[in-house]
Amino acid sequence: MNTLEKTAFPNLNFSVSHHGAFVALASDPLCLVGLDVMADEARGQELPEQFLNNFTSYFTELEWKHIANAGPETGPMLDQFYRFWCLKESYTKAVGIGLHFEFERAEFYYPNGDPWSNTVHLRIDGEEKRKWHFDIQRLGTDHWACVARGPPAEAAESFKKTLSKIKLDTATLNLALELQIKPFSFLSISDLISDMGNHDSISFLSSMSAATGS
């Protein structure tokens with residue numbers, strides 16, 4: 001990256017996720033960004049209780065309450081599970097810690113009380129993290145995706161070495177975080193690579209923060 005690019009995009013980073021029918025990409029020029037996609041592969045294969053019991057230690061008591069209260073139908077319970085899972089994965093990917101993070105340390109909740117809201121707050125070990133923004137989207141009828149964006153100063157130490165501007169003043173950070181995430185662009189493999197045969201059943205998504213101006 002040349003000097004001009006470092007000035008315009010000091011912390012250009014991206015996150016890729018794939019599951020089910022989608023491969024997805026999100027990027028941000030200034031804030032940390034993490035992305036996770038989940039396909040609803042459990043629906044119809046086993047009872048939701050049996051499936052959810054495999055993840056008992058990954059969620060807090062409050063999160064399990066939201067999941068349980070979404071029922072009694074199977075669909076809403078699984079949807080809440082996938083939403084929380086995407087939230088946790090997107091956060092750990094954004095800060096660069098991935099599988100080394102214990103998921104139950106991160107608690108997500110809906111401050112307005114609406115469990116289907118796109119307004120989600122985060123607590124880490126009980127401490128509020130109000131500088132993080134999360135965008136949850138349904139992809140088609142059976143996939144969920146979440147894009148997490150937050151302050152560069154909260155990146156893992158090894159990740160910080162790849163960033164050019166760690167400390168951001170409050171006004172700059174707030175402006176960047178408050179910019180609306182652009183919707184995903186849906187592209188088939190044939191849209192990206194020519195002469196690769198018929199791969200139209202696989203979709204590729206990309207999302208770039210409005211802060212890029214692109």
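This passage looks at a small sheet, the helices that pack on it, and a helix with two contrasting sides in a predicted model. Local features need pLDDT of at least 70 and side-chain atom pairs count only at pLDDT 80 or more, while totals for chains, interfaces and linings use all residues. Residues are numbered from 1 along each chain as its sequence is written, and side-chain values use heavy atoms, leaving out hydrogens and water.

The sheet is open and antiparallel, with its three strands in the order β4-β5-β6; strands are DSSP runs of E, at least two residues, and helices are runs of H or I, at least four. Strands pair if DSSP finds at least two bridges between them. Because β4 (106-109) and β6 (127-128) each have a single partner strand, one side of each lacks a neighbour in the sheet. Two bridges join β5 (residues 121-124) to β6, and R123 has E128 in β6 as its bridge partner.

Helix α3 (residues 61-69) packs on this sheet, touching β4 and β5, as does helix α4 (residues 74-95); contact means heavy atoms within 4.5 Å. Within α4 lies T92, which is buried at a relative accessible area of 1% (buried means under 20%, exposed over 50%, partly exposed in between, with a 1.4 Å probe and protein chains only).

In helix α6 (residues 170-178), L173, A176 and L177 are buried. These buried residues line one face of the helix, because they fall within an arc of 95° seen down its axis, the arc being that of the directions from the axis to the C-beta atoms. On the other side, A171, L175 and E178 are exposed.

Terms used: Axes are lines fitted to C-alpha atoms, for helices over the stretch in contact, and angles run from 0 to 180 degrees between N-to-C directions.
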